[in-house]
Amino acid sequence: MKVLVLGAGIVGVTTAYELNRDGHEVTVIDREALPASFTSYGNAGLFAPSHAYAWSSPAAPGILLRSLWRNDQALRFRPTPDPQFWNWMWKFWQQCTTERAALNTQRKARLCAYSLGVFHETLARAKIAYDGRQDGILYLYRSQKALDAAGAKADLLRKEGCVIELIGRDGVAAKDPALSEVKGKFAGALFAPNDESGDCRLFTRNMAKWLEEKGVTFKFGTTVTGFELEGDRIKAVVTDKGREAGDIIVLALGVYSPHLARQLGAKLPIYPVKGYSITAPVAGRNNPPGIGGIDEENLVAYAPYGDRVRATATAEFSGYGRTHRPEDFRAMLAVMRELFPHGADWERSEYWAGLRPMTPEGTPILGQGRYRNLWFNTGQGHMGWTMSHGASRITADLIAGKKPKIPLDGMILT
Ligand SMILES: Cc1cc2nc3c(=O)[nH]c(=O)nc-3n(C[C@H](O)[C@H](O)[C@H](O)COP(=O)(O)OP(=O)(O)OC[C@H]3O[C@@H](n4cnc5c(N)ncnc54)[C@H](O)[C@@H]3O)c2cc1C
């Protein structure tokens, strides 16, 4: 069958991979010139089932409200009159109970763990270069109280199969010798030996090249504007370069998915949550991070990518804008300079801002649309690199009429 995948971020490209494997004729359409040019461009690259906590929790409304008058670098909340924003916030607020937070965390963790297995199978088949590290992630805590609380909370993820060890500051230095000089700043860490990291952009672009060799067609610089409908089917996708007919359409447009889905009678509860990243060259510096990590008190995530180091921070509700100013990176740079003073040439950092396609629950939207040949694979939020491989395998299984390997509760649009 001829499948059109809309969007060439990590989600669209992994969808193309799975559908090509299943024997379909696949065309991927994206308005950018290269794959992974939007949100999949500059994320932290943590492949982290052990970080699958739902953002909605009993503490979340208070944290959001306080950010209105605090100049918080980690979380910024700028209410707008946009009804899409208030609709999303209302749904998010409904998820902020202890029970919903636990359930959403469990569902996210299950998908992430499944996705890790799919990712390894893909790597074994496709040998994609992506500057990956498969030696665990450190979740660092500065106070003993916060470390103990995190260790207890992690039971929720351990129940979903995540291996999470509580280690002291000497353990931190042993896992990543680059932190030896500053280990005294930390009470310790949670160490997740099965979590990984790697450059999502590099992976997506190399996988797209590999797929082109396997016969997948990529149409870049092509903006999807609408659809030709016939009864309960989509006959063709309309773009600024003409129409493209297909038997099956997969919508994987990240934060823009709701805009086009609206034309197809679907209200997707996805809202952009902005984040910022820096990428600095190691450039002769002698002590870059050895493995990925998160400074949990400052909410700065980082990962080593060969001769570069990436760090990300901030969850900002401020609409679809992607502009940035030097002060948006100041706090994150200060943390990276504190932890890895000899880790990279921080002065030469590349600055970037991107939009996480967040659902109120934190779980993605998968499954069939109102039109019989329309499928959704979108809304992976702050964990799209981690979830994409599993979500795309599930999408291919659903299209093939096969039962997915994990339950999809909370991920199917009702
Ligand atoms: C700061 C930050 C840090 C993050 N860190 C992590 C992390 O450590 N681990 C993790 O797992 N995830 C992380 N994420 C989340 C992850 O990056 C996203 O979930 C993921 O990139 C989303 O992929 P996507 O393919 O759905 O969206 P995108 O990458 O945005 O792809 C959607 C594509 O659709 C195209 N498009 C949109 N509209 C149209 C149209 N009308 N016509 C044609 N094409 C169109 C866009 O050009 C784009 O290429 C982070 C995100 C941010 C912002």
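Q: How are helices and strands assigned here, and what are the ground rules for reading the model?
A: Helices (H or I, at least four residues) and strands (E, at least two) are DSSP runs, numbered from the N terminus. This is a predicted model, in which local features need pLDDT of at least 70 and side-chain atom pairs count only at pLDDT 80 or more, whereas totals for chains, interfaces and linings use all residues. Residues are numbered from 1 along each chain as its sequence is written, and side-chain values use heavy atoms, with hydrogens and water left out.

Q: What counts as a salt bridge, and how far apart in helix H6 are arginine 158 and aspartate 155?
A: Side chains of opposite charge can pair when their charged atoms come close. The criterion is a side-chain nitrogen of Lys or Arg within 4 Å of a carboxyl oxygen of Asp or Glu, and the structure holds 27 such salt bridges. One of them joins the side chains of arginine 158 and aspartate 155 (2.7 Å, N to O); because these residues are three apart in helix H6 (residues 155–158), about one helical turn separates them.

Q: Which parts of the chain does the salt bridge between arginine 308 and aspartate 199 tie together?
A: The side chains of arginine 308 and aspartate 199 meet at 3.0 Å, N to O. Arginine 308 lies in strand E17 and aspartate 199 in the loop between strand E8 (196–197) and helix H8 (200–213), so the pair ties together parts that are 109 residues apart in sequence.

Q: Is arginine 308 buried or exposed, and how is that decided?
A: Buried means under 20% relative accessible area, exposed over 50%, and partly exposed in between (1.4 Å probe, protein chains only). Arginine 308 is buried because its relative accessible area is 19%, and aspartate 199 counts as buried at 2%. By contrast, tryptophan 69 is exposed at 64% relative accessibility, while arginine 158 is partly exposed at 28%.

Q: Which residues join aspartate 397 and arginine 393 in a network of salt bridges?
A: Aspartate 397 and arginine 393 form a salt bridge (2.8 Å, N to O), and both lie in helix H11 (residues 384–399), four residues apart, about one turn of the helix. Salt bridges that share partners join Glu18, Arg21, Asp22, Arg393 and Asp397 into one network.

Q: How should strand pairing be read, and in which sense do E5 and E15 pair?
A: Two strands pair if DSSP finds at least two bridges between them. Strand E5 (residues 137–141) and E15 pair in the parallel sense over four bridges, with tyrosine 139 matched to isoleucine 294 and isoleucine 137 opposite glycine 292. E5 also runs antiparallel to strand E7 (residues 188–192), to which five bridges join it, and isoleucine 137 has alanine 192 as its bridge partner there. Five of the five residues of E5 are buried.

Q: Where is glutamate 296, and what does it touch?
A: Glutamate 296 sits in the loop between strand E15 (292–295) and strand E16 (300–305); these two strands form a hairpin with four residues between them, and leucine 299 in the turn has a positive phi of about 50°. Contact means heavy atoms within 4.5 Å, and glutamate 296 touches His51, Tyr139, Leu140 and Tyr141, not counting residues up to four places away in sequence. Lys and Arg count as positive and Asp and Glu as negative, while His and the chain ends are not counted. Glutamate 296 is buried yet has no salt bridge, and the nearest side chain of opposite charge, lysine 153, is 7.7 Å away.
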